[in-house]
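Let's take a walk through this model together, starting from a backbone detail and working outward to the contact between chains. Keep the viewer open as you read.

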Amino acid sequence: MTPLLETRRLTKRFGGLAAVADLDLTVERGEVRALIGPNGAGKSTLLNLLCGVTPSTSGEILLEGRRIDGLRPSAVARLGVGRTFQVPRLFPDLTVLQNVMVGYHCRARARLLPTLAGLPGARALERRIEARAREALEVVGLAGEAHRSARSVPFVQQRLVEIARALVHEPALLLLDEPAAGMNAVETGRLEALLASLRARGLAVLFIEHHIRMVMNVADRVTVLDFGRKIAEGRPAEVRGHPAVLEAYLGRWTPDAHM
Amino acid sequence: MRTRWAAWLLAAGLLLYPVLAPGGYPLRIANVVLVYAILAMGLNFTVGWTGQVSLGHAGFWGIGAYTTAILTTKLAAWPAWPVMVLGTALAGVTGLLLGLPTLKIKGHYLALATIGFGEVVQLVFNNWRGVTGGADGIAGIPPLAIGRFALDSEPRMYYLLLGVTALLAAAAVRLRDSTFGRAFMAVRDNELAADVVGVPTTTVKTLAFALGAVYAGLAGALYAHLLRYISPDVFGFEQSLLMLSMLVVGGLGHLSGALVGAAVGVVLPEALRLFGVYYMAVYAVIVVAVIVFMPLGIAGTLLRAWAGADGPRPGLAPLLRR
């Protein structure tokens with residue numbers, strides 16, 4: 001069976017610097033995969049490559065066996081990839097509900113003239129989109145904030161709005177860039193529960209995270225990047241003690257250095 | 001409840017205006033306001049909702065007006081209503097053709113490209129003498145008629161323009177509260193995020209641009225039948241700028257702002273004529289004062305007061321971003 005997501009020798013160079021180098025990565029359906037590595041390891045660049053924001057230099061990206069590298073972000077989203085950003089990027093002048101409704105755009109198939117004329121079909125579609133968006137807000141626990149202006153929502157909740165906005169277009173793969181950044185222990189716990197519930201619904205999640213506790217708690221597998229290369233991969237407990245990982249984070253201890 | 005009463009009062013006032021207004025001149029001003037209201041609503045799609053600066057809106061207006069003027073006077077005098085549809089469609093198609101290549105460029109570059117478009121259109125009006133009459137313009141445009149009932153007076157044109165404006169405003173409200181409108185505003189608020197969540201940004205921008213051109217084309221056809229005479233100097237860059245200033249003064253990003261802005265932008269210069277030759281200077285000072293002290297515009301400021309600090313406030317942000 002073809003994996004949900006596969007990259008083959010995926011490479012991104014910025015001038016002489018290889019931010020992602022010859023990366024082979026496979027994510028299965030319904031898997032929660034953590035992506036860790038020191039700062040500058042190429043984690044965010046990888047996410048940008050996967051969702052089409054940054055064009056790759058070489059290599060392939062396949063979603064369910066189909067090439068998606070070279071597609072525009074909106075086309076990648078339509079094929080089933082949702083993502084959030086490290087610093088939330090909401091539409092500040094829309095309400096929370098409207099933000100999430102925008103996520104349904106590529107599924108809506110709205111037609112212009114019936115919309116302008118206010119025909120019943122167009123109104124029914126609008127109600128359906130709203131219902132979907134409310135469901136997604138329910139999933140992330142923000143049903144009560146639907147009519148707030150997005151700009152007035154606290155930072156941590158903005159990230160949850162982003163997740164709802166990505167969920168509403170029914171992705172098969174969700175890419176999250178440091179979803180727990182800035183969250184306290186209680187909020188992180190809720191986020192872990194949310195990710196577990198998404199996995200239960202068959203969604204695959206690929207997330208970048210620095211909260212090691214969260215990685216240990218929710219990830220099925222962990223991939224460790226350093227200087228754009230995969231240096232380790234496996235179950236959280238395996239990766240934790242891996243010598244290459246310790247070296248990447250802490251450096252190599254050499255007796256000579258003290259002399 | 002208060003809002004509903006205010007709306008009924010406003011509607012009654014608008015309907016009774018021809019009866020209450022003293023003489024033909026205030027009615028002519030009202031008709032011009034309505035034409036500009038349609039223009040401003042169209043420009044609001046592009047600038048206010050989608051955040052793409054266009055300074056060539058008068059070009060689409062001119063295409064609608066000239067199509068009507070040329071086809072109803074020269075060439076065997078075609079019937080007015082189909083010509084109006086044709087002129088509107090032609091403006092829309094031009095918007096589409098202009099939008100596809102230019103909307104891939106951003107900010108100041110897009111603004112310059114649209115200025116260029118407006119200039120080209122005006123040059124054609126001025127120099128294609130055989131068809132457009134050159135600088136002399138085109139006179140003798142027939143009035144519109146519904147059957148035998150000729151819309152040849154200011155009050156009759158007023159009711160037609162009022163009806164068309166109301167219909168177009170209703171369509172704009174539906175657009176705003178639909179997938180399309182939300183996609184426009186998503187592109188304005190954060191283009192990258194819009195793209196990533198599945199909004200095809202170039203298509204959406206082109207649609208906003210083309211729809212704005214359709215409104216402008218229709219405004220042009222109506223304007224030609226209202227004045228019965230058009231000339232190229234009316235459809236120049238200053239007019240595009242005036243329309244943009246209407247949106248800013250009224251409240252960029254708000255449909256009501258486009259309507260308020262059109263009224264202010266037409267009526268205020270007329271009211272300021274008591275300042276003689278300096279009236280445009282006084283007008284400019286007032287516009288600058290509004291921008292400085294009410295950056296959300298008149299309607300934007302009122303809506304903000306109504307909705308509280310958390311309400312929407314697009315204001316000048318789309319113009320200042322990037």
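Just past helix α1 of chain A, the backbone at A:G52 adopts a positive phi of about 90°. The helix before this glycine, α1(A), spans residues 43–50 and is mostly covered, with seven of its eight residues buried. In this predicted model, the buried residues of α1(A) are A:K43, A:T45, A:L46, A:L47, A:N48, A:L49 and A:L50. If you colour the helix by burial, you will see a lysine, A:K43, and an asparagine, A:N48, in that buried set.

Two other spots in chain A deserve a look for their phi values. Most residues other than glycine have a negative phi. A:E64 is not a glycine, yet its phi is positive, near 50°. You can find A:E64 in the loop that links β4 (58–63) to β5 (66–67) of chain A. How buried or exposed is A:E64? It counts as partly exposed, because 16 other C-beta atoms lie within 10 Å, and the partly exposed class falls between 12 or fewer for exposed and 20 or more for buried.

The second spot is A:R109, again not a glycine, with a positive phi of about 55°. A:R109 sits in the loop between α4 (105–108) and α5 (112–117) of chain A. Here the C-beta count inside 10 Å is 8, so A:R109 is classed as exposed.

Now turn to the interior. The largest nonpolar core contains 166 residues, and those with the most contacts inside it are A:A164, B:L39 and B:A40. Which element gives the most to this core? That is helix α10 of chain B (residues 201–227), which supplies 18 residues. To get a feel for the packing, centre your view on A:A164. Leaving aside residues up to four places away in sequence, A:A164 touches A:V100, A:A136, A:L137, A:V139, A:V140 and A:L142.

Finally, let's see where the chains meet. On one side are 27 residues of chain B, in contact with 34 residues of chain A. On the chain B side, the elements that give two or more residues are α7 (154–176), α8 (179–189) and α9 (191–196). Of these, α8(B) gives the most, with seven residues. Sorted by class, the side of chain B that touches chain A holds 15 nonpolar residues, together with six polar and six charged ones.

Conventions:
Residues numbered from 1 in each chain as written. Chains lettered and ligands numbered in written order. Predicted model: local features only at pLDDT ≥ 70, side-chain atom pairs only at ≥ 80, totals over all residues. Core = buried A, V, L, I, M, F, W, Y, C linked by C-beta atoms within 7 Å. Helix = DSSP H or I, 4+ residues; strand = E, 2+ residues; numbered from the N terminus. Contact = placed C-beta atoms within 7 Å. Nonpolar A, V, L, I, M, F, W, Y, C, P; charged D, E, K, R; others polar.
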